[in-house]
Amino acid sequence: MSLSYKNILNLPDRVLLEKKLTKAFFLKNFELSASEKKVLNSSIAQMEWLASIKPNNSNIQSVINEQFAFEEVQIMVCTIGNEKLDAVANTCIQLFQKYIPYQMLVIIENDQEFVINVCEKRINQNDKTKRTIENYYSTKVLSKLFKEDATDAFLKSIDFGIIDKTNLESFYQSYINSIIQLNSASVTGVFQKRTNTRTKEDLELLNKMEELEKDISKLANQVKAEKQQNQKVTLNMAIHQKRKQIESIKNQLSEI
């Protein structure tokens, strides 16, 4: 099943490129890792440079300083073959975000599902032409076949017509915020538009919850291996406390 991402994003014609990107582009211009070459040659079926959003075609001003450069926002679509999307999506995302030094929205899809990714790129102080990736933000795997209220609200929030166009930094930050709030909605069940400050707070809570879940998994393994009953009780109490912390975080994420 194919989706019209230019319609989903409501991109104006003036920013559209709709150009095919060849595998040779990556092979000739960059020193790819073995895993990157493998996914490029075996998994990727097609790549499209969908749009390029710049001051001269969008009337959105650039922002350039010592740390960040928001000169253009590129939108790429990568279609894979028969592999499960969650098995190769991250490598495909890294292929684009690592080697193309622009702020980018990357869509990885197969016939039934898709993932949307953005990331924060800082100017490499040793080589101003390169970027250092600080954080990746990806949606969960989204279905093309089944609609969810939170996903529908998320897609509406990244509509070009309503996104913050104060400048290209705020424009790109809007994509980041929407992805964070979609991930929050997977916990709360409801997609909510937030301020930049509240979104940062929600991200910290989501990261804390992820760490707590990892801790619980480690403790659960220790319980299985533990022979002494009193130690098992202590470990289970620790698990219980961490689960209470997770419930508290869920309540905080749900607060309006």
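Let me begin with a pair of helices: α8, residues 196-225, passes helix α9, residues 229-254, in a left-handed crossing. I should say at once that this is a predicted model, so everything I describe is computed from predicted coordinates. The axes of α8 and α9 come within 9 Å and cross at roughly 160 degrees, and since angles over 145 degrees count as roughly antiparallel, the two helices are therefore roughly antiparallel to each other. If we sort the residues of the contact of α8 with α9 by class, we find 14 nonpolar, 4 polar and 9 charged.

Now to α9 and its other partner here, α7, which covers residues 168-188. How do the axes of α7 and α9 cross? They come within 9 Å, at an angle of roughly 120 degrees, and that value lies outside the 65 to 115 window for roughly perpendicular and is not over 145, so α7 and α9 are described as oblique to each other. The crossing of α7 and α9 is again left-handed. On the α7 side the contact is made by S184, V187 and T188, and on the α9 side by K250, L253 and S254; by class, that gives 2 nonpolar, 3 polar and 1 charged residues.

Staying with α7, we can turn to helix α6, residues 149-157, which packs against α7 at an angle of about 170 degrees, with the axes 10 Å apart. That angle makes α6 roughly antiparallel to α7. From α6 the contact takes A150, T151, F154 and S157, while α7 supplies S178, I179, L182 and A185. The residues of this contact divide into 5 nonpolar and 3 polar, with no charged residue.

The last topic is the largest pocket, which has a volume of about 420 Å³. Of the 18 residues that line this pocket, those closest to its centre are Y136, N183, L203, N207 and E210. Which elements supply at least two residues of the lining each? They are α5, residues 85-99, β8, residues 131-138, and the helices α7 and α8 that we have already met. Among the contributors, α8 gives the most, with 6 residues. As for the character of the lining, by class it has 8 nonpolar, 8 polar and 2 charged residues.

To draw the threads together, α7 is in contact with α6 and with α9, and α7 also supplies at least two residues of the pocket lining; α8, for its part, is roughly antiparallel to α9 and gives the most to that lining.

Note on methods:
Residues are numbered from 1 along each chain as its sequence is written. This is a predicted model: local features need pLDDT of at least 70, side-chain atom pairs count only at pLDDT 80 or more; totals for chains, interfaces and linings use all residues. Side-chain values use heavy atoms; hydrogens and water are left out. On a 1 Å grid over the protein atoms alone, a cavity is a set of points where a 1.4 Å probe fits but cannot get out, and a pocket is an open set with protein on both sides within 12 Å along at least five of seven lines; lining residues have an atom within 4 Å of a point. Grid points are joined across faces, edges and corners, and a volume is the space filled by probe spheres set on the points. Helices (H or I, at least four residues) and strands (E, at least two) are DSSP runs, numbered from the N terminus. Ala, Val, Leu, Ile, Met, Phe, Trp, Tyr, Cys and Pro count as nonpolar, Asp, Glu, Lys and Arg as charged, and the others, Gly among them, as polar. Axes are lines fitted to C-alpha atoms, for helices over the stretch in contact, and angles run from 0 to 180 degrees between N-to-C directions. Angles under 35 degrees count as roughly parallel, over 145 as roughly antiparallel, 65 to 115 as roughly perpendicular and the rest as oblique. A crossing is left-handed if the near helix is turned anticlockwise from the far one by less than a right angle, and right-handed if clockwise. Contact means heavy atoms within 4.5 Å.
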